[in-house]
Amino acid sequence: MSVHYTLNLRVFWPLVTGLFTAIVCLYHVLRGSGGARAEAPDGADDENGGFPLLKVSVLLLLGYILLRCRHAVRQRFLPASPRLGGHSAFSPRRFQEPSLGILLESYYEHDVRLSPHVLGHSKAHVSRIVGELVRAGRARASPGPIPGGTLALAFRGDFIQVGSAYEQHKIRRPDAFDVLVPLRLPPLVALEPRSLGTQPALASAFHGCFVCALKAPPGASGSHWLRDCKPFADGFCVDVRGRRHLSSTLVLRWFQSHLQRSLATVRYSLEERCRVSLTPGGLEQPPTLHILPCRTDYGCCRLSMAVRLIPAVHLGDGVFLVAPPPPSSPFGSLSELPGGLRADALWGVNTARQEQKLLGWLQERAPPGACYLKCLQLLKALRDLGAHGLDPAAATQWGRILSSYVLKTVLLAVLLRERAPEQGWDEAHLGKRLEQLVRFLRDCLLRRQTLFHCVLGPGGAAAEVGPLPKVLREAAPVDLLAAFDNHARELAAARLLSTWRRLPQLLRAYGGPRYLARCPPPRSQHTQGFPKDEP
């Protein structure tokens, strides 16, 4: 169920009918009570006073029945689908099937578009809750292996909101958010990050990962630094090729424990506004904060929300290393790494700040009414429509391959190739531009094109997003689809193209107003796995 502002006629007309009936009844009751004080010469007034009330009530009831029957009457006289072999009293040429543009607009308004008002209230609510939690975590001493002092890992005290909810392309419900929680390293600890994309012996799925070796800060003596830093290294680091590296697994374990203690501190103060709980993370997911509205909270736009709290280490210029790293394969945990590397020493990279700058740069150069963000929202909805009928395993794989980040990168790649959304990105060309994105994504899945990371790609977007840290400038290009084998990519491409070709039927079956559903339901409603016979 989408959150939007539309008029629900099933509720509106009965409400109007009941309201006017109540007003008329109240008027006659008050008029009758006032006239009762005066003696009536005969009973003619009572007979004449009851007739207008009965007449108005009957007229309102008839109007309500006519409005309720309008939809059924319209459906009765609309031409039936030729595939059903139906006949109509009117010529089919007079009532043509709605075009794809009309279907897309209707589906967008009823099932995809998110109300800015509701989204704004949800983001503000998340900011207040997460802000109190992070401030409590900063003030509280570290519960990790180092109880406190100069070598304690701690919250920096701020948080960074990332993801589609903060980039104006979230769809349907504002019930999921991503928040980076920057960590403050001890003053005696410095990091030496290094990209794994330059190692040819490593699988391409790991080229987007980083490792962080410890090093002495400028001016520190080597022998004294190793001795002073040993408590921190023993608590948060692992040995990789003879050097101590910051472990994402150990940091994530400390982060979850610290969050639990901080939540216990602020839980009582939050009880009047909401109920909060924390779900621990795992190998592929960070911890999730669940915010449930209280039964006594009558605030505007209160929804149940899930906020992923991601521990982040700042590298500089708005770039963060995050834990856990992205999964290396669509089927499970990280596999064995060559060359003495360890899975618990790998970190992912988050370039949300650069991507937000890039979207802002495109928005400044886009003409008024450009629909590129709308195309991205519809592309996400197209992915969700393509998952209908798949078994759980196939649906999970479908969602991994066509993740929201991959779809956003597809849009950025197409726009950067044109340098800016200047011509042909208005509402009149919505269907054409959406088809362009679908075909480009299909070519990337079939290896006709390479879908590079928008920042860690060849050439990247450094000119548009500003300076990058040296470790990112020297990193090898990252292919976002490299973790998936050829068979999975071919099946995903076939499913994507089939979904696009059946899009009018899918839109009539799953979304939009009911009067547009005049064709039979799409085939393969209960497909188990990906279809093997699709083009």
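Which residues have the most contacts inside the largest nonpolar core? In this predicted model, select L246, L289 and L309: these have the most contacts within the largest nonpolar core, a set of 116 residues. Helix α8 gives the most to this core, contributing nine residues.

**The whole chain**

Before moving further inward, display the protein as a cartoon. The fold comprises 15 helices and 12 strands. Of its 535 residues, 45% count as buried. Among contacts between residues at least 6 apart in sequence, 73% join residues at least 24 apart.

**Around L246**

Return to L246 and show its surroundings. Leaving aside neighbours within four places in sequence, L246 is in contact with L191, C212, F232, F236, C237, V251, V313, A345 and W347. Apart from the largest core lies another one, of 10 residues. To find this other core, select L202, V211, V240 and L341, which are among its members. In soluble globular proteins, nonpolar side chains tend to be buried together.

**A cavity lined by helices**

Next, turn to the empty space inside the model. A search of the whole structure finds two cavities of 30 Å³ or more. The stop here is the second largest cavity, which holds about 40 Å³ of space. Select L104, Y107, L378, A381, L382, L385, L434, L503 and L507 to show its lining. By class, this lining has nine nonpolar residues, with no polar and no charged ones.

Colouring by helix shows where the lining comes from. Helices α3 (100-112), α8 (372-386) and α15 (503-510) each supply at least two residues of the lining. The largest share, four residues, comes from α8, the helix that also gives the most to the largest nonpolar core.

**Salt bridges**

Now show the charged side chains. The whole structure contains 22 salt bridges, and three pairs and one network are visited here.

Begin with E132 and R273, whose closest N and O atoms are 2.6 Å apart in a salt bridge. This pair links distant parts of the chain: E132 belongs to helix α4 (residues 116-139), while R273 sits in the loop between α6 (248-270) and β8 (274-279), 141 residues apart. R273 is partly exposed, with a relative accessible area of 26%.

Move on to K408 and E167, where the side chains meet in a salt bridge at 3.2 Å, N to O. Here too distant parts of the chain are linked, with the two positions 241 residues apart: K408 is in helix α10 (residues 404-418), and E167 is in the loop between β2 (160-162) and β3 (176-184). K408 counts as buried because its relative accessibility is 6%, under the 20% cut-off. E167 likewise counts as buried, at 6% relative accessibility.

Then select E435 and R439, a salt bridge with its closest N and O atoms 3.1 Å apart. Both residues lie in helix α11 (residues 430-445), four residues apart, which is about one turn of the helix. E435 is partly exposed, with a relative accessible area of 27%, and R439 is also partly exposed, at 35%.

Finally, select K230, D234, D239 and R244, which are linked in a network of salt bridges.

Conventions:
Residues numbered from 1 in each chain as written. Predicted model: local features only at pLDDT ≥ 70, side-chain atom pairs only at ≥ 80, totals over all residues. Heavy atoms only, no water. 1 Å grid on protein atoms, 1.4 Å probe; cavity = no way out; pocket = protein on both sides within 12 Å on 5 of 7 lines; lining within 4 Å. Points joined across faces, edges and corners; volume = space filled by probe spheres on them. Nonpolar A, V, L, I, M, F, W, Y, C, P; charged D, E, K, R; others polar. Salt bridge = Lys/Arg side-chain N within 4 Å of Asp/Glu carboxyl O. Buried < 20%, exposed > 50% of the residue type's maximum accessible area, 1.4 Å probe, protein only. Core = buried A, V, L, I, M, F, W, Y, C linked by side-chain atoms within 4.5 Å. Contact = heavy atoms within 4.5 Å.
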